[in-house]
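These exercises ask for readings from a model, and each is followed by a worked solution. Keep the sequence and the coordinates open while working through them.

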Amino acid sequence: MDRRSFLTAAGATVSVSVAGCAGLGGNDEASTGASSTDESTADGTSTGDAGSADETLVVGTYSAFVDSPSTSPGAWVKQRFEEEFDARLIWQTPSNEVNHYIERRNAGVDIEADMYLGLNTDHLVRVDENLDDGLFADVGDVAGQDDIKPGLQFDPDGRAIPYDTGYISLVFDGTATTAPETFDGLLAEEHAGDLITQNPASSATGRAFLLHTVKQFGPDGYLDYWSDLQDNDVRVLGSWSDAYGAWSGGEAPMVVSYSTDQVFADQNDANMAEHQIRFLNDQGYANPEGMAVFEGADTPALAREFMSFLLRPEIQGEIAVRNVQFPATESADLPEDYAELAQEPPEPVTFGYDELKGSVSGWISDWERQFASN
């Protein structure tokens, strides 16, 4: 929320007829791609020289945290951090995100970053399933972590600290349709072709929606539900950006997105009637995002100072607004109307680390095989 690269041009979207196509945007992962290291200035441009500094901190993250055309916190965070600390902050945005660092560790080459920003539960599962040796160090001494909201911690091994969270929901154009209240309602004939979602193999948003269907229908029933969605002409696009761009271009009245969508709409003076939120079965899939220090980091102490910096009330509030998410801490400074615009579900649901370990890869692979064959 991010947080998510907004494509205003509907022509930039491409329908996915088979699973496995990679897409970028938001905290959405592509399956391939080389790393790019950018140093973003306050206006989002890049420069090779930030001036002299005692230390350099290299932070890996997803691209939209830094360079979303809509709104993103990366340039603002960089400017504020460098103003206060005698350090240089460099954002690193590999196109395949966490997978890039897994591949480098498996290849026995230098990680070339000090920490990663944008981890979620299934990322950690992927790390642990694909590496014999660890990728991330213990959290250690990070000021502010005691202020994190109860229930957001998602790493049982104490490597990642949440810095924001979001809830996956439907966003629908209320001038064109009324979204159903239940998952089964999406299968109604009146909603044929109405829904756009994302490929769970390449999109964190799409993966969260898939996991919500597993939560709702169970490991033995979610594929049947997806078969019914396909029969009702669901469209699956590569990334959040692709899906949201197609939806905003009027290609369908409903899209899988985030329950903070009205924050983004308000920032852009959009018609709120066209940005309505629906929590299916009164539930929203919780997707906290975290940060962690790489083992063997060149500047681990500075990385932990940066993590403490991100947990400050004024920084938490600004990241939430710019990343269009909920803050992770209890004391975040937020605009007065934020609580009205950012909607929380009556019942948050999610899978924990132990539930996903050994399962999530198989669920996605089975979905890919079925979706490609239908």
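**Exercise 1. Classify Leu-334 by accessibility and place it in the chain.**

Step 1. Leu-334 has a relative accessibility of 35%, so it counts as partly exposed. The classes are buried (under 20% relative accessible area), exposed (over 50%) and partly exposed in between, with a 1.4 Å probe and protein chains only.

Step 2. The model is a predicted one, in which local features need pLDDT of at least 70 and side-chain atom pairs count only at pLDDT 80 or more, while totals for chains, interfaces and linings use all residues. Residues are numbered from 1 along each chain as its sequence is written, and side-chain values use heavy atoms, with hydrogens and water left out.

Step 3. Leu-334 belongs to the loop between β14 (326-327) and α11 (338-341). Helices (H or I, at least four residues) and strands (E, at least two) are DSSP runs numbered from the N terminus.

Step 4. Along the chain, Leu-334 and Gly-317 are 17 residues apart, yet a distance of 4.9 Å separates their C-alpha atoms. Gly-317 is in helix α10 (residues 313-323) and is buried, as are Ile-315, Gln-316, Ile-319, Ala-320 and Asn-323 of that helix.

**Exercise 2. Find the backbone phi of Val-324, Asp-233 and Asp-282, and locate each of the two aspartates.**

Step 1. Val-324 comes just after α10 and takes a positive phi of about 55°.

Step 2. Asp-233 is not a glycine, but its phi is positive, about 65°. Asp-233 sits in the loop between α6 (222-231) and β9 (235-237). With 47% relative accessibility, Asp-233 counts as partly exposed.

Step 3. Asp-282, also not a glycine, has a positive phi of about 60°. The loop that holds Asp-282 runs between β11 (276-278) and β12. Asp-282 is partly exposed, because its relative accessibility is 47%.

**Exercise 3. How many aromatic pairs does a search of the whole structure find, and which geometry do Phe-81 and Phe-85 have?**

Step 1. The search returns 24 aromatic pairs. Rings of Phe, Tyr and Trp (its six-membered ring) pair if their centres lie within 6.5 Å; planes under 30 degrees apart count as stacked, over 60 as edge-to-face and the rest as tilted.

Step 2. The ring centres of Phe-81 and Phe-85 are 4.5 Å apart and the planes meet at 25°, so this pair is stacked. Phe-81 is buried at 0% relative accessibility, and Phe-85 is buried at 15%.

Step 3. Trp-240 and Tyr-244 are a stacked pair as well, with 4.6 Å centre to centre and 15° between the planes. Both residues belong to helix α7 (residues 240-248) and are four residues apart, about one turn of the helix. Trp-240 and Tyr-244 are both buried.

Step 4. Phe-81 and Phe-85 are also part of one aromatic cluster, together with Tyr-62, Phe-65, Trp-91, Tyr-163, Phe-306 and Phe-309.

**Exercise 4. Give the volume and lining of the largest cavity.**

Step 1. Rolling a probe the size of a water molecule over the atoms shows where empty space is left. On a 1 Å grid over the protein atoms alone, a cavity is a set of points where a 1.4 Å probe fits but cannot get out, and lining residues have an atom within 4 Å of a point. Points are joined across faces, edges and corners, and a volume is the space filled by probe spheres set on them.

Step 2. The largest cavity holds about 90 Å³. Its lining has 14 residues, and Thr-121, Asp-122, Tyr-285, Ala-286 and Asn-287 are those nearest the centre.

Step 3. Two or more lining residues come from each of α4 (121-130), α5 (204-217) and β12 (283-286). The most come from α5, with four.

Step 4. The lining has eight nonpolar, four polar and two charged residues. Here Ala, Val, Leu, Ile, Met, Phe, Trp, Tyr, Cys and Pro count as nonpolar, Asp, Glu, Lys and Arg as charged, and the others, Gly among them, as polar.

**Exercise 5. Repeat the reading for the second largest cavity.**

Step 1. The space in the second largest cavity is about 60 Å³. Residues that line this cavity include Ile-168, Phe-183, His-212, Arg-278 and Gln-283.

Step 2. The elements giving two or more residues to this lining are β7 (167-172) and α5. β7 gives the most, with three.

Step 3. By class, the lining of the second largest cavity has six nonpolar residues, three polar and one charged.

Key: 1 Å grid on protein atoms, 1.4 Å probe; cavity = no way out; pocket = protein on both sides within 12 Å on 5 of 7 lines; lining within 4 Å.
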